[in-house]
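Subject: Handover of a structure and notes on it

Dear colleague,

Please find below the structure that I would like to hand over to you. My notes on sheets, pockets and two loop residues follow it.

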Amino acid sequence: VLPSDGLSLYLGSTRAGAHDIYVATRAAAGDDFGAPTLLANVNDAGANDVPTWIDADSRTLYFWTDRGAWRAMYVATRTGPTASFGAPQPIAGINDATANDWWAVLSSDGLTIYFLSDRAGGAGGADIWTATRATIADDFSGVENAAGLNTPSNDVVTWLSADDCVMLLYSDDDSIGGAGGLELLIARRPN
């Protein structure tokens with residue numbers, strides 16, 4: 001996960017056992033990244049923690065974790081881009097207590113979230129779901145299946161453009177063409 005300034009790279013790594021979140025930094029956009037270091041205050045020992053989105057000012061990090069009975073989406077915040085993150089919290093209004101919820105990206109204004117879930121009511125497999133909120137301070141609500149993006153197989157949103165009009169996703173649905181296995185797809189909508 002790369003914030004808009006390009007100076008930090010948040011990544012999941014199994015170098016210490018379970019997936020943990022690491023950060024690598026650099027002084028300028030053209031420089032090489034330094035060695036990744038374990039991100040303080042966010043990881044849970046023994047659980048898998050994987051970053052999926054960070055806001056433009058590097059103050060809010062979204063990630064999925066399996067620290068409970070199911071995979072769930074969490075958020076950690078901090079006061080500035082070099083401050084330590086506070087204790088992560090489950091994302092209110094998103095997580096289903098009887099399903100896996102993971103791999104989220106947000107719109108540029110932070111008011112719409114797209115995430116992966118295997119909850120009931122989808123097209124099959126794990127689907128892309130969406131929810132909205134009125135302000136950054138509000139909880140997400142109105143979770144809906146993103147029906148136009150999903151297939152009967154597993155579908156994952158991986159990136160959303162700054163204008164919120166282009167989405168990269170992948171699917172393992174062999175009926176959509178390609179060589180089989182995972183297919184990288186582009187979804188577009190008008191401005």
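Before the pockets are described, one convention is needed: Ala, Val, Leu, Ile, Met, Phe, Trp, Tyr, Cys and Pro count as nonpolar, Asp, Glu, Lys and Arg as charged, and the others, Gly among them, as polar. Please also bear in mind that this is a predicted model.

By that convention, the lining of the largest pocket consists of 13 nonpolar, six polar and two charged residues. The volume of this pocket is about 430 Å³. Its lining comprises 21 residues, and those nearest the centre are Leu 2, Trp 53, Ile 54, Trp 159 and Leu 160. Strand S4 (49–54), S8 and strand S12 (155–160) are the elements that each supply two or more residues to the lining. Of these, S4 gives the most, with four residues.

The second largest pocket holds about 310 Å³ of space. It too has a lining of 21 residues, with Thr 60, Tyr 62, Val 75, Arg 133 and Ile 136 nearest its centre. Here the elements that provide two or more lining residues are strand S5 (60–65) and strand S6 (72–77). The lining of this second pocket divides into 11 nonpolar, five polar and five charged residues.

I turn next to the sheets. Strands of a sheet pair through backbone hydrogen bonds, in either a parallel or an antiparallel manner.

One open sheet has four strands in the order S4-S5-S6-S7, and its pairing is antiparallel. S4 and strand S7 (89–90) stand at the edges with a single partner strand each, so one side of each has no neighbour in the sheet. Two bridges link S6 and S7, which pair in the antiparallel sense. Within this pairing, Val 75 stands opposite Gln 89 in S7. Val 75 is also one of the residues nearest the centre of the second largest pocket.

Another open sheet is formed by four strands in the order S8-S9-S10-S11, again with antiparallel pairing. Its edges are strand S8 (101–106) and strand S11 (141–145); each has a single partner strand, so one side of each is left without a neighbour in the sheet. From one strand to the next, the twist averages 25°. Strand S10 (residues 127–132) and S11 run antiparallel and are joined by three bridges. Trp 129 has Asn 145, in S11, as its bridge partner.

Finally, two loop residues deserve a remark. Most residues other than glycine have a negative phi. Which sign does phi have at Asn 41? The value there is positive, about 70°, although Asn 41 is not a glycine. This residue lies in the loop between strand S3 (37–38) and S4. Ser 58, which is not a glycine either, has a positive phi of about 60°. Its place is in the loop between S4 and S5.

Are these two residues buried or exposed? Asn 41 has a relative accessible area of 46% and is therefore partly exposed, a class that lies between the cut-offs of 20% and 50%. Ser 58 has a relative accessibility of 3%, so it counts as buried, the limit for that class being under 20%.

Yours sincerely,

A colleague

Notes. Residues numbered from 1 in each chain as written. Predicted model: local features only at pLDDT ≥ 70, side-chain atom pairs only at ≥ 80, totals over all residues. Heavy atoms only, no water. Pairing = 2+ DSSP bridges. Axes fitted to C-alpha atoms, helices over the stretch in contact; angles between N-to-C directions. 1 Å grid on protein atoms, 1.4 Å probe; cavity = no way out; pocket = protein on both sides within 12 Å on 5 of 7 lines; lining within 4 Å. Points joined across faces, edges and corners; volume = space filled by probe spheres on them. Buried < 20%, exposed > 50% of the residue type's maximum accessible area, 1.4 Å probe, protein only.
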